[in-house]
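Biologist: Could we go through this protein together, one step at a time, beginning with what surrounds the ligand and then moving outward to the sheet and the domains?

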Amino acid sequence: MTSGAEIELIKVTKRYGPALAVDSVSLKIPGGTYCCLLGPSGCGKTTTLRMIAGHESVSEGDVRLGASVVTDLAPAKRGTAMMFQSYALFPHLDTVDNVAFSLKMKGVEKGTRRAKAMEMLKLVQMDHLAERRPAQLSGGQQQRVALARALITDPQALLLDEPLSALDPFLKIKVRQELKKLQLQLGISFIHVTHSQEEAMALSDLVVVMNGGRIEQAATPREVFNRPATAFVARFMGDHNVISGRVSKKDGATVTFEVPGGASFVAPEDQAVEVGAPIEIAVRTDRVHLADSTLHGCGLTGLVQNIEYHGQRVQVALSAPGIDEFSVQVPETAFFAKPLSVGDAVPLAWTADDVHILQKSPTA
Ligand SMILES: Nc1ncnc2c1ncn2[C@@H]1O[C@H](COP(=O)(O)OP(=O)(O)OP(=O)(O)O)[C@@H](O)[C@H]1O
């Protein structure tokens with residue numbers, strides 16, 4: 001079918017009066033990428049998507065698709081297609097006419113456009129319900145129709161605004177797998193807005209984490225999870241402890257830093273830091289060992305505040321001097337071999353290699 005073109009945002013800004021919704025965002029999305037725009041409510045992800053689609057004007061900067069700058073082109077002239085959160089199907093039209101609608105607008109003859117619509121419906125496994133109207137379809141089925149309708153124009157990129165948010169948890173996972181399969185099959189870029197880190201990690205080749213109208217990090221899911229750029233990313237992705245301290249020593253390869261409670265830790269110097277400067281680090285919650293005498297401790301003792309059973313793992317929340325919140329994920333078997341109770345004091349340990357130094361946030 002079609003092949004995807006690279007999309008580039010060049011210092012794209014969106015102002016609504018005095019409010020800055022998107023602040024000079026630059027990003028390259030290679031052709032054929034599953035890209036998720038991820039972030040909390042109000043961070044500017046929908047506005048960014050709508051500027052790529054042409055449904056929102058750009059205040060400053062440019063949007064490029066392949067070799068063309070499309071900043072001032074109408075949505076239908078860009079080579080992108082958008083699937084809306086509400087699906088926006090026409091209630092009075094049957095499935096096949098809903099899908100064929102944009103071809104009708106382009107003046108394509110009835111037989112041709114219905115044949116193409118059936119082809120698209122086959123692609124999303126909805127050809128058997130071609131005669132139904134939207135009210136006679138389930139939410140998941142309406143969504144497939146909306147997908148077919150977006151794809152009928154052979155776009156070079158498909159833009160999806162929170163496509164899974166209306167579905168129940170079971171269907172969400174099923175449709176998520178289908179979206180990924182479809183993207184691989186079509187070979188075009190899908191740009192998908194979500195506030196779910198789990199969804200973004202499951203789907204993306206490229207995760208773009210946004211905060212306050214800016215990009216905090218754009219990388220593969222594994223990179224974002226293992227090497228979050230900033231404290232915001234570490235906290236937003238979850239399963240990380242963020243600790244603030246001050247650099248006390250560095251020796252070229254490692255950095256030593258102290259937390260207000262007096263404990264000091266070593267980290268690989270994976271980001272440049274200065275002695276005496278404040279520092280923030282992240283440690284994955286599954287990399288912290290509780291009361292493990294085989295590991296060199298960190299000089300930190302945590303007081304168990306809460307215990308949650310999560311099935312494969314048990315999540316233990318602790319407080320420790322100079323650290324606001326601290327969570328540890330313990331594999332189920334290990335936890336129940338040596339169970340803990342609220343109020344227990346336990347030494348915490350981790351290896352220096354599991355410590356990752358965070359950069360200053362662009363929005364800080
Ligand atoms: N038409 C508008 N007029 C004024 N401000 C707007 C308009 N649309 C969005 N905004 C503001 O721009 C900012 C970014 O909004 P946007 O919808 O892009 O965020 P979002 O990350 O998609 O959030 P959500 O997940 O809640 O949809 C918000 O502060 C929002 O209030």
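**Around the ligand**

Modeller: In this predicted model, helix 1 gives the largest share of the shell around the ligand, namely 3 residues.

Biologist: Which elements give two or more residues to the shell around the ligand?

Modeller: The ligand is surrounded by a set of residues that includes Tyr16, Ala19, Ala21, Gly39, Lys45, Thr46, Thr47 and His195. When these residues are set against the secondary structure, two elements give two or more of them, and these are strand 2 (19–29) and helix 1 (45–53).

Biologist: In what order do the 6 strands of the open sheet lie?

Modeller: The sheet is open and its pairing is mixed. General knowledge helps here, since strands of a sheet pair through backbone hydrogen bonds, either parallel or antiparallel. Reading across the sheet from one strand to the next gives the order 6-7-8-3-9-10.

Biologist: Which strands stand at the edges of the sheet?

Modeller: An edge strand can be recognised here by its having a single partner strand, so one side of it is left without a neighbour in the sheet. Between neighbours the twist averages 20° from one strand to the next. The strands at the edges are strand 6 (80–83) and strand 10 (214–219).

Biologist: Which strands does helix 4 touch where it packs on the sheet?

Modeller: Helix 4 covers residues 139–151, and its direction makes about 165° with that of strand 6. The strands that it touches are strand 6 and strand 7 (157–161).

Biologist: How many residues of strand 7 are buried?

Modeller: From strand 7, Ala157, Leu159 and Asp161 point one way while Leu158 and Leu160 point the other way, and all are buried. Strand 7 also pairs in the parallel sense with strand 6 over 4 bridges, and with strand 8 in the parallel sense over 5 bridges. The strand is therefore described as mostly covered, the count of buried residues being 5 of its 5.

Biologist: Which residue of strand 7 does Ala81 stand opposite?

Modeller: Strand 6 and strand 7 run side by side in the parallel sense. One residue of strand 7 touches Ala81, and also Met83, Ala150, Leu151, Ile188 and Phe190, when residues up to four places away in sequence are not counted. The residue that stands opposite Ala81 is Leu158.

Biologist: Which residue in strand 8 is the bridge partner of Asp161?

Modeller: Strand 8 (residues 189–194) runs parallel to strand 3 (residues 34–38), and 5 bridges join the two. Leu37 stands opposite a residue of strand 8, and that residue of strand 8 is also the bridge partner of Asp161. The partner is Val193.

Biologist: Where does the largest nonpolar core lie?

Modeller: The core has 94 residues, and those with the most contacts inside it are Val99, Ala148, Leu158, Leu159, Ile191 and Val208. Both domains give residues to this core, so it lies between domain 1 (7–226) and domain 2 (242–357).

Biologist: How far apart do the C-alpha centres of domain 1 and domain 2 lie?

Modeller: For scale, the C-alpha trace of the protein spans about 75 × 45 × 35 Å along its principal axes. The domain assignment gives domain 1 as 7–226 and domain 2 as 242–357. Their C-alpha centres lie apart by 40 Å.

Technical notes: Residues numbered from 1 in each chain as written. Predicted model: local features only at pLDDT ≥ 70, side-chain atom pairs only at ≥ 80, totals over all residues. Domains from an automatic or database assignment. Core = buried A, V, L, I, M, F, W, Y, C linked by C-beta atoms within 7 Å. Buried ≥ 20, exposed ≤ 12 C-beta atoms within 10 Å, placed from the backbone. Contact = placed C-beta atoms within 7 Å. Pairing = 2+ DSSP bridges. Axes fitted to C-alpha atoms, helices over the stretch in contact; angles between N-to-C directions. Near = placed C-beta within 6 Å.
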